[in-house]
Amino acid sequence: MRHFTYQEAIKFPTPFFLFDVNHLAIQVAKIKNAFKMYWENGMIAYSVKTNSLPFLAEALLEMGVGAEVVSEDEFNLVSQLNFKGDSIVCNGPIKHKNWIENALEQGCYLNIDSKNELKLVKEYANNNPQKEIKIGLRVNNDIEDIFPNASTAGENGSRFGFSYETGELEAAISELRSVENIVISGLHLHISTNVRSLAIYKYIVCKFDEIVKRFKLSDIEYLDAGGGFYGEVPNKPTWDDYISALSAELKAKGYVSKNLKVIIEPGVSLLSGCFSYYTRVEDVKDTARSHFVVL
């Protein structure tokens, strides 16, 4: 990554961020190469909430990266920046009628997360009986028994998705199936953890396979594995490690890349190494206990 020299940096008022587009392109290429090697049918959808800088979004679009949005504001932003249709993944726990209808009209990936969204999708499908409506479901997983203290949601568990354990997921599947022109095409199984281990992604595949087979989801087209990767952290799993782990587990369960897309939603893991922060030193102080640098 290119850093400013002192002579260059002092020309600008501080503080400021430096965005290295070339470094970002290298990271995107690493992910794409990993998909090409292990699972050709892959999609990168960067997490817009991590950094919604329009220039960044435009750069990623030029690199062939999609956008993962969790609010209607984010959806409208990336739409204005020319992300279209299946280059947008719509997540988040609250989606109102206008956003859902726009997403379905455009053919975006829509992962529904609440009972109200179920109702709105059914209404749209009933009002458009000649149109096939493809829908993804966000799955709520309780992983504490399998990975103790790993989830960032804590002992209360995650608020996202339909619970597999309590039967809410089964009820959501039944409700969608009650409308003839709705197809359940995807499952979103992102789990926020503080361990970011390969075992989490292998578990995601196992749970995906269990749900697909138990509920006979024969129209399934994608697995959204979410984010939560290490990215460029030294001595931690790489993009190759994550994608090869997902691929190996999927192949072991009988899936093939031509029939199943794998979506990942990197945020900090993709973007953090592309930004540097510059500020000035205002003062340096030595006390009896410490050496302080005031910025």
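These are my notebook entries on helix packing, pockets, a cavity and two backbone details.

**Entry 1: the model**

I am working from a predicted model.

**Entry 2: α2 and α9**

I began with helix packing. Two packed helices are described by the angle between their axes and by the distance between those axes. I looked up both for helix α2, residues 21-38, and helix α9, residues 239-252. The angle is about 25°, and the axes are 9 Å apart. Angles under 35 degrees count as roughly parallel, and α2 and α9 are therefore roughly parallel to each other. I also noted the hand: α2 passes α9 in a right-handed crossing.

Next I listed who touches whom. From α2, the contact uses Gln 27, Lys 30, Ile 31, Ala 34, Phe 35, Met 37 and Tyr 38. From α9, the contact uses Trp 239, Asp 240, Ile 243, Ser 244, Ser 247 and Lys 251. I sorted these residues by class. The contact of α2 with α9 has seven nonpolar, three polar and three charged residues.

**Entry 3: α4 and α5**

I moved on to helix α4, residues 72-80, and helix α5, residues 97-106. Their angle is about 35°, with axes 10 Å apart. Here α4 passes α5 in a left-handed crossing. On α4, I found Glu 72, Phe 75 and Ser 79 in the contact. On α5, I found Asn 98, Trp 99, Asn 102, Ala 103 and Gln 106. The class count for the contact of α4 with α5 is three nonpolar, four polar and one charged.

**Entry 4: α6 and α7**

My last helix pair was α6, residues 115-127, with α7, residues 168-177. The axes come within 10 Å and cross at roughly 10°. That makes α6 roughly parallel to α7. I wrote down the contact residues. They are Lys 115, Leu 118, Val 121 and Lys 122 of α6, and Glu 168, Ala 172, Glu 175 and Leu 176 of α7. How do the residues of this contact divide by class? I counted four nonpolar, four charged and no polar residues in the contact of α6 with α7.

**Entry 5: the largest pocket**

I turned to open spaces. The largest pocket holds about 770 Å³ of space. It is lined by 40 residues. Which of them are the closest to its centre? I found Arg 138, Phe 160, His 190, Ile 191 and Ser 192.

I then asked which elements build the lining. Both β6 (133-140) and α10 (268-271) supply at least two residues each. The largest share, three residues, comes from β6. By class, I have ten nonpolar, 21 polar and nine charged residues in the lining of the largest pocket.

**Entry 6: the second largest pocket**

The second largest pocket has about 210 Å³ of space. I found 15 lining residues. Nearest the centre of this pocket lie Gly 107, Cys 108, Tyr 109, Lys 134 and Ser 185. Two or more lining residues come from each of β5 (109-112) and β6. Strand β6 gives the largest share here, four residues. I wrote the classes down as well: seven nonpolar, three polar and five charged.

**Entry 7: the cavity**

I also looked for closed spaces. How many cavities of 30 Å³ or more does the structure hold? The structure holds one, and its volume is about 30 Å³. I listed its lining as Lys 97, Glu 101, Leu 120, Glu 123, Tyr 124 and Asn 127. Two elements, α5 and α6, give two or more of these residues. The largest share, four residues, comes from α6. The classes in the cavity lining are two nonpolar, one polar and three charged.

**Entry 8: two backbone details**

I finished with the backbone. Most residues other than glycine have a negative phi, and most peptide bonds are trans. I noted two exceptions to look at.

The peptide bond from Thr 14 to Pro 15 is cis, with omega near 5°. I placed Pro 15 in the loop between α1 (6-9) and β1 (16-19).

Asn 82 has a phi near 80°, a positive value in a residue other than glycine. I found Asn 82 in the loop between α4 and β4 (88-90).

Note on methods: Residues numbered from 1 in each chain as written. Predicted model: local features only at pLDDT ≥ 70, side-chain atom pairs only at ≥ 80, totals over all residues. Heavy atoms only, no water. Axes fitted to C-alpha atoms, helices over the stretch in contact; angles between N-to-C directions. Parallel < 35°, antiparallel > 145°, perpendicular 65-115°, else oblique. Left-handed = near helix turned anticlockwise from the far one by under 90°. Contact = heavy atoms within 4.5 Å. Nonpolar A, V, L, I, M, F, W, Y, C, P; charged D, E, K, R; others polar. 1 Å grid on protein atoms, 1.4 Å probe; cavity = no way out; pocket = protein on both sides within 12 Å on 5 of 7 lines; lining within 4 Å. Points joined across faces, edges and corners; volume = space filled by probe spheres on them.
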